[in-house]
Amino acid sequence: MKVDWNEFWVKVVDATGETVYMVLVTLALSGVLGTVVGLALFATRKGGILRNRVVFAVLNALINVIRPIPFIIAIVALSPVTRSVVGTMIGTEAAIFPMVVVATFGVARIVEGNLLSVEPGVIEAARSMGASPVRIIVTVLVPEALGPLVLGFTFMLVALIDFSAVAGTVGGGGVGNLAMTYGYLRFDTSVMVVAVAVLVVLVQLAQLLGNFLARKVLRR
Amino acid sequence: MIELRDVTKTFPSGPSGPSSASKGSGRDGKKRAEGGFTAVDGVSLTIDRGSVFGIVGHSGAGKSTLLRLVNYLEEPTSGSVLVDGQDLGALSERRRRAVRRSIGMVFQQFNLFRSRTVLGNVAYPLKLAGLGRAEARERAEEVLRFVGLEEYARRYPEQLSGGQRQRVGIARALATSPGVLLCDEATSALDPQTTQEVLALLKRVGGELGVTIVLITHEMEVVRGICDKVAVMEAGKVVETGGVYDVFARPRHPTTEAFVRSALQDLPEAATWDRLRARHGGRLVTVPVTENGAAGTRELSRLLREHAVDFTVAHAGVAEVQDRPLGSVTLELRGADEDIDAVLLHLASRTTVGAR
Ligand SMILES: Nc1ncnc2c1ncn2[C@@H]1O[C@H](COP(=O)(O)OP(=O)(O)OP(=O)(O)O)[C@@H](O)[C@H]1O
Ligand SMILES: [Mg+2]
């Protein structure tokens, strides 16, 4: 049974909206949480400005456990937690929860890595001026690493579009769900093509935006 | 006034630290303390208010570590650091941060914030000190005028030359009107001409603003140019300290001697002696040139006239140290043997001469 494109495009628009919603909400939540974890990781490491062996070891171990889990497995493994937090295991909201969990730790590594790339001399300069550790993080480290951070977040944004499509195929909403339900289960190639096209366009837009912002920040 | 009392800094040894067996095993004869590496070893120094104090030493001597101890960026393993009579070790980290605001620091690699403009860099310590936007801006512009960079306020560090960047670094360090400026190899990344410009600026900082300057360098030329006092470091220890002219005129430690000779370039080296002897048939004699020239060259002139001995300048090196001449001149003496002997005998009784 092929879809009737005269009516079906509404579903495509809705699904695209859902995908965008899922991705942006996830990016916002995991962006904040991941940045906090990443900053903590950076600051508590050996030789860091707030070194704390225990906090670092716990965070580091947690990330190393969560990160290698394939996203599709994470969705399933987290589903009991998802149900108790969100109240359901299907739909857009239910998809957002595992996405946030996984993305948070991805963002944390990106933030940690980019902060490590800031020249230690600049931190030393700020210390010599009497800046406190928190002040250094907020007014030196983050601004100095902003260019690479923007690119890192762009990378995360693109990965989230991918995540959202995966989540869609197993009960989440959005374009992935559309492709699964109509394109795959009903063998409608046209839906598949449109779904892929939508994803490609979204990824392109995300990358363009990221590159634009990074160029602004880096002044080149 | 800054006072270091028997300050020692031992870094704990780590697997990748410089004290691991692969690297630290006695290079430059440096000690590997049990369970760590002693970068600064029992140093006591007094740095007077308003003076320009130089610290020289070869790479790895512990100069940077010593400087970082002064503003407690590094905590001493033992000993105490006093700034204006205040023992930094007795303060909380919070109070220490307040003290750091009264001690500016300048770095070899400038360490400017790339995300901020020149103005933003200079305004940063002012914001830390609690100034409002407008006030910080006004003061930052004032300091930029002092270093001659007011027109570059809107630029970013990467749009400046090395010398300009260091002037921004100095402006940033001076923004909060600190009483002390710590300079870690502030000119080592610069070419000779730019080095002179930056040194001239530092001189003004000391002279016009009365800031106490502690300056680290491995170039004795820098010490000669602007320092009042100097300490020579080797393997974590201060091996010699004193007024710059005295240390230049009478170096006691071999390391100091080597540093002084490299700066003055006045004594012929061994190979040069060979060439001088091949070129000059007469007797060669080296006479020191000091601030009281009477003891050396003026006396010589009279002696040569009295004994009818001729001379030719074979080699010479005289520089100004603290606005006073210092160096030596090597002469070829020609005349009757007994006359030359008489000249040398007289001369030797008044001053140290080296004859070959
Ligand atoms: N954080 C550290 N941990 C372990 N060892 C250190 C540390 N910092 C410095 N050192 C060691 O202490 C010694 C002195 O270092 P320092 O940087 O003070 O030398 P320096 O005189 O400033 O040398 P340079 O002229 O090359 O800058 C060196 O051997 C160095 O490897
Ligand atoms: Mg150094």
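In this predicted model, the backbone oxygen of Arg116(B) lies 3.2 Å from a polar atom in the side chain of Asn121(B). A second backbone atom is found beside that side chain: the backbone nitrogen of Phe113(B) is 2.7 Å from one of its polar atoms. The side chain of Asn121(B) thus has a backbone oxygen at one distance and a backbone nitrogen at another.

Where does Asn121(B) sit in chain B? The residue belongs to helix α4, which covers residues 118-128. Its relative accessibility is 0%, and because buried means under 20% relative accessible area, Asn121(B) counts as buried. Leaving aside residues up to four places away in sequence, Asn121(B) touches Leu112(B), Phe113(B), Arg116(B), Pro157(B), Val168(B) and Arg172(B). Phe113(B) and Arg116(B), whose backbone atoms were described above, are thus among the residues that it touches.

Attention may now turn to the backbone of two loop residues. Tyr72(B) has a phi near 60 degrees, a positive value in a residue other than glycine. Tyr72(B) is placed in the loop that runs between α2 (63-70) and β4 (78-83) of chain B. With a relative accessible area of 6%, Tyr72(B) is buried.

Ala235(B) likewise is a residue other than glycine with a positive phi, here near 45 degrees. Which elements stand on either side of its loop? Ala235(B) lies between β9 (229-234) and β10 (237-243) of chain B. Is this residue buried or exposed? Ala235(B) counts as buried, since its relative accessibility is 16% and the limit for a buried residue is under 20%.

How values were computed. Residues numbered from 1 in each chain as written. Chains lettered and ligands numbered in written order. Predicted model: local features only at pLDDT ≥ 70, side-chain atom pairs only at ≥ 80, totals over all residues. Heavy atoms only, no water. Helix = DSSP H or I, 4+ residues; strand = E, 2+ residues; numbered from the N terminus. Buried < 20%, exposed > 50% of the residue type's maximum accessible area, 1.4 Å probe, protein only. Polar contact = N/O pair within 3.5 Å; in protein donor to acceptor, adjacent residues only side chain to side chain. Contact = heavy atoms within 4.5 Å.
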